[in-house]
Amino acid sequence: MSYSINEIGKQIGAQLIGKLDISIDWLLTDSRSLNFPESTLFFALTSKRNKGVRYIPELYVKGVRNFVVSKDDYKWIESKEFENDSILYERYQSILSEFNITDCNWLIVANPLKALQKLAEKHRNHFHIPVIGITGSNGKTIVKEWLNQLLCKDYNIARSPRSYNSQIGVPLSIWQINKNTELAIIEAGISEPSEMDILQNIIKPTIGILTNIGGAHQENFGTLQEKCMEKLTLFKKCDVIIYNADNEMINTCVGQSMLTSREIAWSRKDAERPLYISNIQKKEDFTLISYRYLEMDNQFTIPFIDDASIENALHCLAACLYLMISPEDISKRMAILEPVAMRLEVKEGKNNCILINDSYNSDLASLDIALDFLVRRTENKDLKRTLILSDILETGQTPAALYKKVAQLTLNKGINKIIGVGSSISSMASRFSIEKYFFRTTDELLASETFAALQNEVILIKGARPFNFDKVSEALALKVHETILEVNLNAVVENLNHYRSMLEPNTKIICMVKAFAYGAGSYEVAKTLQEHRVDYLAVAVADEGKELRNAGITSSIIIMNPELSAFKTMFDYKLEPEVYNFHLLDALIKAAEKEGVANFPVHIKIDTGMHRLGFAEDDMPRLIERLKEQNAIIPRSVFSHFVGSDSPDFDTFSLQQINLFERSAQLLQDAYSYKILRHICNTAGIERFPNAHYDMVRLGIGLYGINPINNHIIHNVSTLKTTILQIRDVDKNDTIGYSRKGHLEKNSRIAAIPIGYADGLNRHLGCGKSYCMVNGRKAPFVGNICMDVCMIDVTHIDCQEGDQVIIFGDELPITHLSDTLETIPYEILTGISGRVKRVYYQD
């Protein structure tokens, strides 16, 4: 549904400057996600750490001509102050001359975010259709996607892309509703009080689902009850609300909220409830659920046995019943529910290919997101970009109109090759002007020479469920060691933002990606951090920095332990070394002068009490004199390192360190007219010493989800998992493993798993000292841990060969292992062997 720029201006109460006659189809808040510039409206949002207006020149060169800006930002543009913006000039100096302010439409508003929300609210008012609003602490995305699977045969559905549930994401989700939409399914998430009221005005749900209430985003709420009441605000004008009546807190809050909606409160305990769940039977690989609704008994199965999936399915059941889907259809569709691919999974493929797997999800909005992910993962890589795409089903658009948009997307994203599967996309082959191949079925593709010839490509696998693209992913995946480390890139971002929220907007941040990003994998983590515009990355040695540069990382990089033999590498790859003594300083200056290098930035380390590396306070006069007598290098920052910022036991000493650092840093600053950045805070220091944030902080272990103050998990990043190779029954009189160290107290079932000390599993965890998790149950390690394999006791666990085993992750915090070993989580993370495959995903 298109709007003219004049219509949008009136809807959001904007002052329009410009006379271009343009219809708007697309809204944009992230300049990196541009697809259709000629019909895009960019909202220049301002955050604590960034200003969207800075990206307008780049968007202008790419063809965007419509912008929503604040009054102050427009004055900044109109007066050409952007030419004096050093950040902007450094980023866009080659294109600023092309930027013509008069060749644009400017919608000037008080607050671009409020304008975006208002536009979405006005857009929503055009449609009189059922809208399902889903909120809760967990399960929102799964319930949304399962409802789409269950209802797509009855309705043309618009739904939130992935987890677009924020103050920005919800308006963008609502914008996808069009004249063909018959049902919308929208997620709503909050992190602060009063946010839900804003989202309610935008979504205006007619059907409300509250999944559950947990600890996520609790920091801004006094109690879980307070957060529950805030979430219930979404449903104040709903026709019906669906929730778990057996949850006492939710039940109480619903009663207190005085909602006038009809309730479908399901219960396993109270037969008087509208939807009574009379029986739940968990089988080996499915669950049978019996229920009573409107005095009629029915049942269905789901292909899952975990409690979370059962609860999510019951929410979906209630919604389907309210929408008058027959029990027979519900039963058929529930039985074939697919796991929700809530993540774009990156893994190594055959023939030097990289796979991005999104093989159970296919619509235009999610294709846009997935292509954007592909582009960002392939910048500066000499690999062909390939899209394997099935028919996009049930969009309500004609094939000609739909695949015209798909073809334009592939062009705009720089896709080199498309492989289409399905009769509809094949019939539109002429729409695509890139290298192209089309097949009627997935099996036809798998048997083709085209498929066999894939090599040196980054391949996005994007398919609708009926096409079974998991076969494609499986056929292309490189079969390696069955032990993997899953890395959640979204959790990295959440942890980054957790600590950013403690900083002043102008405080810069250095993210530590040394030691293979604490075992998580340097490139993928660094790429993610670069996308979220951290100020510096830090590695240990120059070779780490060189690898990041070769992989396409352009952010500033600090070398924390520079080697004398690596100076040329640092100069060639613009890697900024730490300098901690005169021997290193003199050698670096000599090497820079020999290479003809001038004003190369370095970072001066002061020893304030760690007594590991650094200049002493008494060294400062000599250091300043040596620096001032040459021009090969210049100090970019001065820093020190806390000894014990994680413990109040050392606060007196930490304050002494701060005073010593301030004196030394001031001496250096007094010698220079330009600003020298100061930093002393590590992860713990960020939280405990806000007055010592200075100009910059260094984020280390906290970035990877561990709070060093209390060892609690913030957002888990890494999950080490493997599979059961073999299960055998062992007599209690036998022993397990080398040196007969594994003794049994009874006849036992013993499983062998393919992980050992060569993978980073410490031998001291063996012989019953620790355990892993199998199907949600504790499985102790039995006997000595071997180099490549270890054994676990699964006597009382319902499991079989091939089942998943969690060494650490969401189910079992890494801190359990570090506490058992009387060490720190750093050691566990960095000890994961390079032979363990890293699999990256994004929620």
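Before I call any residue buried, I fix the term: buried means under 20% relative accessible area, exposed means over 50%, and partly exposed covers what lies in between. I also note at the outset that this is a predicted model.

**Entry 1, the chain as a whole.** I looked up the secondary structure of the protein chain and found 29 helices and 41 strands. The radius of gyration is 29 Å, close to the 28 Å that the globule rule gives for 843 residues, so I can describe the chain as being as compact as a globular protein of that length. Along the principal axes, the C-alpha atoms fill a box of roughly 90 × 90 × 65 Å. I then checked burial and noted that 56% of the 843 residues count as buried. Among the contacts with a separation of 6 or more, 67% come from residues 24 or more positions apart.

**Entry 2, surface and charge.** For the accessible surface of the protein chain I wrote down about 35,700 Å², with 47% of it belonging to carbon and sulfur atoms. I also looked up the 92 positive and 105 negative charges, whose mean positions are 3 Å apart.

**Entry 3, aromatic rings.** My search of the whole structure for aromatic pairs returned 15. One of these joins Tyr3 and Trp175, with ring centres 5.4 Å apart and planes at 35 degrees; since stacked needs planes under 30 degrees apart and edge-to-face over 60, I enter this pair as tilted. Tyr3 lies in strand E1 (residues 3-4) and Trp175 in the loop between helix H7 (169-174) and strand E10 (183-187), so the pair ties together parts that are 172 residues apart in sequence. By the cut-off above, Tyr3 is buried at a relative accessible area of 2%, and Trp175 also counts as buried, at 10%. Separately, I noted a cluster in which ring pairs link Phe42, Phe67, Tyr74 and Trp106.

**Entry 4, Thr528.** I located Thr528 in helix H21 (residues 522-531), where its relative accessibility of 4% makes it count as buried. Setting aside neighbours within four places in sequence, I found Thr528 in contact with Arg377, Leu489 and Val493.

**Entry 5, positive phi outside glycine.** Lys574, although not a glycine, has a positive phi of about 55 degrees, and I placed this residue in the loop between helix H23 (567-572) and strand E27 (575-579). With a relative accessible area of 62%, Lys574 is exposed. Asn599 likewise is a residue other than glycine with a positive phi, near 55 degrees, and I found Asn599 in the loop between helix H24 (582-595) and strand E28 (600-605). Its relative accessible area of 45% falls between the two cut-offs, so I list Asn599 as partly exposed.

**Entry 6, Met696.** Last, I looked up Met696, which lies in strand E31 (residues 696-699) and is buried, with a relative accessible area of 0%. Leaving out residues up to four places away in sequence, I recorded that Met696 touches Thr507, Lys508, Ile509, Ile510, Tyr536, Ser637, Leu677, Arg678, His679 and Ile680. For Leu677 I also took the spacing: Met696 and Leu677 are 19 residues apart in sequence, and their C-alpha atoms are 6.8 Å apart in space.

Key: Residues are numbered from 1 along each chain as its sequence is written. This is a predicted model: local features need pLDDT of at least 70, side-chain atom pairs count only at pLDDT 80 or more; totals for chains, interfaces and linings use all residues. Side-chain values use heavy atoms; hydrogens and water are left out. Helices (H or I, at least four residues) and strands (E, at least two) are DSSP runs, numbered from the N terminus. The radius of gyration is taken over C-alpha atoms; the globule rule is 2.2 Å times the number of residues to the power 0.38. Buried means under 20% relative accessible area, exposed over 50%, partly exposed in between (1.4 Å probe, protein chains only). Contact means heavy atoms within 4.5 Å. Accessible areas come from the Shrake-Rupley method with a 1.4 Å probe; for residues, only the protein chains shown count as cover. Lys and Arg count as positive and Asp and Glu as negative; His and the chain ends are not counted. The place of a charge is taken as NZ of Lys, CZ of Arg, CG of Asp or CD of Glu. Rings of Phe, Tyr and Trp (its six-membered ring) pair if their centres lie within 6.5 Å; planes under 30 degrees apart count as stacked, over 60 as edge-to-face and the rest as tilted.
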